[in-house]
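Ready for a few exercises at your own pace? Open the structure, try each task, and then compare your reasoning with the worked solution.

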Amino acid sequence: MLFSKKNRLLLIFLFFVEVLYAQQFPSTNLTTVDGLPNNSIYSILKDSRGVLWLGTDNGISAIQNGLVRNYFTSDGLAHNSCWAIIEDSNNHLWFGSFGGGITHFDGKNFSVINSQNDLVNDKIRTLFIYENHLYVGTQFGFSVIDINTRRIVFSGKINGKKGLFQVMDFFLKDNKIQFATFDDGVWSINLERKTFQLESLEIPTIFSVYASDNIFFYSHVSLKGKINNQVSIKDNSNKTLTQINTSTIFWDYAKDKKGNIYAAANGVNFTNGGVYELSKTGLINQNNTFGIPSHQVWSLHYDSKLNLLYVGTIDKGLFRVELESPLSHYPSNNFQKEQLEILKIAKSNAKQFILGKNELIFLSTNKLIKEVSRKNFYDFLRNYNLNEYQQWQSKSFGSYKRIPFEDFQLKDFKINGSHIWLSSNLGLFKITKNGKIIDYNRTIVDQFSFLNKNQLLFEEPYGFFWISNDLTKKEAFKKYNDLRRNTVQIIDLFNKKFALSASMGLFAYQDGKFFSYAESKLWTENELVCGTVNEDNNLIIANKSGDVFILDVSNKFKVLKKISSEQLLGKSIYFIESYQNNIIIGNEKGIVIYNNGQIRLIDEEQGLKNKNISTSYLNENILSIGTTKGYYELDLKKYISEPYLKPELKLTNLEVNFEPFTKEYYQWLSYDIKELDLEYNKNTVSISFEPQNVAYSNKLLYRFNLSGMENAKWSNWTSSKTINLTYLRPGNYTLLMDIKDLHIGKTTSIKYLRIKINAPFWKTWWFILISALTIIAILYFAVKQRIAFIKSQEQEKGEVQKRLSETKMEALQSQMNPHFIFNAMNSIQNFILGKNTEEALQYMGEFSKLIRHTLNNSSKLRISLEDELQYLKSYTALENLRFNKAIKIKITLDESIEPSKIEIPPMLIQPFVENAFVHAFNSKTMNPELIIDFSREPNYLICTITDNGKGMDADKTQKLHQSKGIELVNERLSLLQSNPKFAVEFSSVAGQGTRVVVRVNLEIV
């Protein structure tokens, strides 16, 4: 505690060491079992990022809410033994080792400064930061390092008394950096001049120095030459304000926000160390209060943000002490008892009454003032005059003669006016509030409640309800024979007594009558365990399944609300209380506070280490909770009004496709990254996180939602701090997090991480755009080329059609040449002159039919093969008339050919048939024959014209090729077919006949 100027001159008395037995602050122990590399903690620092650093005898530990990471020389430390840790203005850390020099840490890398870099010595005891310089105290002097350049700018060393120059502590006094040595006095450093000088030799053998508000605490060997040690308290003028004799040694100090100063003590050769508080009346040992079983305390650190005191021991690891917890513990040893198993707690005025299995104790401000033991009650019973009792056959009485002391049990008590009535398995005892037993009643009760000053309503064990009109006068009892209720609690409300039964539900007693809510079907819950009354005069009752009901029993019965056991985190309810619309429940999980769906939980993490809860008592703002080993007090007002610190989640581990993410963004044990930009094939992400600056990290529950995912839903609440996102599709996602704090009962929502999974290049907008433009360009040029091609084809087609028309006309002209017409007309004339009228008429008919067919076909691009056959028949018949039908003409057709379904160009075959009539036959031809045959090949119609005429040699065959009609046919076929070379084939042998094959492509036609 700070010393004001008014009190400084008054503190001249010898201080003494005091051990207090008071409330025990919640504390947590961390050892090698929890991951520490060693249980010897020489230095402690919680840095500006909320990471707790421990220097041990075997490495450095970085702790983030229970997650321990250890670092050793293999990771870059100068030495594994770390005696000092400090953070500079750049938020970098410096570790002083006892044997390896200094280690600097910038969040990513360790670097070493040691004697090889001109450090005065590698055995470092203390570190101090002032004006961008690090002051290093070693076993053989000091060095000063510029924290920006990390270069040694000054060192100092002398040959001390014992050959050493051990710097124990640095401190600031009169704007000068001073340091205390073990045997060589107090010195000061002038960094500007690069000098150091002796300031005082007044105090020999200094162990440590602590400066606070111009008050200086020196732990040193006694000035009077005694074996014991002292703490000297001096002001800025070096005037001694007081001296404290102690046999222990103080090595480290910490000051909380209230100004209390704590000192870490280790007696080295004595077991009188521990944590001490410096007060106006002496040194107060706080080991019991803080729950620290070690007497070898070496280091301290105060966390102002969370109001925590960290205590480092040499033998039992680290302790975390809550200095301002709303939960206080009063263990059995506070009352000099090995085990105080509490059955009932109650308060009246300034006194507190606690019933244990073996005693009834009386407290004032949680201090024992009176105790009545179980033996005291039994002895009172033995000496009591029982002759005045009448023997009622219907009643059950206790007898100490039948029950020995070992089986005598204390059960419950009630405060009735100025007296206490305590029940036992041998009857009721009447006690004053000062602890004097004044009366006894042989009535054995299970649950009981006073109707007035002397009238008692009670249930006998495993029996019926009774009413005693006056316990003090031992008057007659009234028995309710119809009721065996197995009652667990009786509650007063609306001038009624509400009895809660473990098997028969809820009853109400008023004006001498009982009413069953279960039997009347108003409320059929039967197995009840406990209840209370809230501020609205509603009953709150719990059943064996762990469900809680809020009941309106004022006029008409109504169930206002049911709270399921799932909401309350447990199923075994030990007690239930109501405070400012909060329902407070004790169950196997701890203490649960419920308020309109909001849940808070107190368990071992907050200091409720014994959850074997037996009873509770609410008095104004203080909830007392009895257990098998003492009791707790919960300041509900303080607890409910605790400020809420929103947790910050640090991304401590990141894997992509099951491989660690690049360490480029990894600094200070976490990834400093808000957005992930990943390729399409790196789409499985695993993240781990840790909350920062949270008092109770185990009270946090998490759930997440990946916004941007189709049908995204919130995950279930979990305590797991790892999230796996597998096979994400290309897109933009936002990882949303909800953090539920069961200590405070609030939920925080944050946008934690943005994740972008890039599409493969063939799905990117630029690739799609380029592809689309390329396709459009290709299509454009293709269409353009197609249009040009079509135009060219159309032009060629037009020319072909034009030429076809011309060739058709020419063919027509060739067919209807003057020679043919002259011959035809001459034949007709001969028939007439020869008076062959019938032949002339037949010839005229065939000739007119041929002319008609020729004219009809000349206007068509294609005609059916059927029409062509008809035309050929007419033509050959007409020509054969000139030969007096001497030529045998055959026109044959393959069975596979359907002439009506095949089309060919008109006037295509006639020129070849005409050549046969003109050139093949003469008067010498014997049995002239002309065969016209039509057959099929794939995609082709084959017309073969064969005669057995005179034939011709090769030269004449060539001339035949050059005839006008045949040239026209060849030209037409070449215009229609892509390969006209084989469209017409001629073969002729002189004297044997001629054969012509015409191939017509049916696909083209």
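A residue is called buried under 20% relative accessible area, exposed over 50%, and partly exposed in between. Keep that scale at hand, and remember that this is a predicted model.

**Exercise 1. A nonpolar patch**

Task: Locate Phe761 and decide whether this residue is buried, exposed or partly exposed.

Solution:
- Step 1. Start with the place in the chain: Phe761 belongs to the loop between β67 (746-757) and α5 (765-815).
- Step 2. Take the relative accessible area of Phe761, which is 46%. The middle class runs between 20% and 50%, so Phe761 is partly exposed.
- Step 3. Now look at the company Phe761 keeps. A nonpolar surface patch is formed by Tyr680, Phe761, Trp762, Trp765, Trp766, Leu769, Ile770, Leu773 and Ile776. Together these residues have about 1,000 Å² of accessible area.

**Exercise 2. Two aromatic pairs**

Task: Classify the ring pair Trp83 and Trp298, then do likewise for Phe429 and Tyr440.

Solution:
- Step 1. For context, the structure holds 63 aromatic pairs.
- Step 2. In the pair of Trp83 and Trp298, the centres are 5.9 Å apart and the planes make 70 degrees. Angles over 60 degrees count as edge-to-face, and that is the class of this pair.
- Step 3. Trp83 sits in strand β7 (residues 82-87) and Trp298 in strand β27 (residues 297-303), so their contact ties together parts 215 residues apart in sequence. Both Trp83 and Trp298 are buried.
- Step 4. For Phe429 and Tyr440, the ring centres are 5.1 Å apart with the planes at 50 degrees, so this pair is tilted. Phe429 belongs to strand β37 (residues 427-432) and Tyr440 to strand β38 (residues 437-441), eleven residues apart.
- Step 5. Check the cover: Phe429 has 0% relative accessibility and counts as buried. Tyr440, at 1%, counts as buried too.
- Extra: ring pairs also build a cluster, with Phe128, Tyr135, Phe142, Phe154, Phe165, Phe170, Phe179, Trp187 and Phe196 linked together.

**Exercise 3. Strand β20 and its partners**

Task: Work out which strands pair with β20, and in which sense.

Solution:
- Step 1. Begin with β20 (residues 215-221) itself, where six of the seven residues are buried.
- Step 2. On one hand, strand β19 (residues 206-212) runs antiparallel to β20, and six bridges join the two. Ile206 faces His220 of β20 in this pairing.
- Step 3. Follow the chain from β19 to β20: the two strands form a hairpin with two residues between them. In the turn, Asp213 has a positive phi of about 50 degrees.
- Step 4. On the other hand, strand β21 (residues 229-234) pairs with β20, also in the antiparallel sense, over six bridges. Here Phe216 stands opposite Lys234 of β21.
- Step 5. Turn to the ring of Phe216: Lys173 lies over its face, 5.2 Å from the ring centre. A similar arrangement to look up is Arg374 over the face of Phe405, at 4.3 Å from the ring centre.

**Exercise 4. Salt bridges**

Task: Lys234 has turned up in β21; find its salt-bridge partner and say which parts of the chain the contact ties together.

Solution:
- Step 1. The partner is Glu202, with the closest N and O atoms 3.0 Å apart. The cut-off for a salt bridge is 4 Å.
- Step 2. Glu202 lies in the loop between β18 (195-200) and β19, while Lys234 lies in strand β21, so the pair ties together parts 32 residues apart in sequence.
- Step 3. Compare the cover: Glu202 is partly exposed at 40% relative accessibility, whereas Lys234 is buried with a relative accessible area of 2%.
- Step 4. Try another one of the 26 salt bridges: the side chains of Lys347 and Glu633 meet at 3.5 Å, N to O. Lys347 is in strand β31 (residues 342-348) and Glu633 in strand β57 (residues 630-635), so this contact ties together parts 286 residues apart in sequence.
- Step 5. Lys347 counts as buried at 18% relative accessibility, and Glu633 is buried at 10%.
- Step 6. Finish with a network: Asp47, Arg49 and Glu87 are joined by salt bridges that share partners. Within this network, Asp47 and Arg49 meet at 3.3 Å, N to O, and both Asp47 and Arg49 are buried.

Technical notes: Residues numbered from 1 in each chain as written. Predicted model: local features only at pLDDT ≥ 70, side-chain atom pairs only at ≥ 80, totals over all residues. Heavy atoms only, no water. Patch = residues over 30% accessible without salt bridge, like charges linked within 9 Å, V, L, I, M, F, W, Y side chains within 5 Å. Areas by Shrake-Rupley, 256 points an atom, 1.4 Å probe, with all protein chains shown as cover. Helix = DSSP H or I, 4+ residues; strand = E, 2+ residues; numbered from the N terminus. Buried < 20%, exposed > 50% of the residue type's maximum accessible area, 1.4 Å probe, protein only. Phe/Tyr/Trp six-rings, centres within 6.5 Å; stacked < 30°, edge-to-face > 60°. Lys NZ or Arg CZ within 6 Å of the ring centre and 35° of its normal. Pairing = 2+ DSSP bridges.
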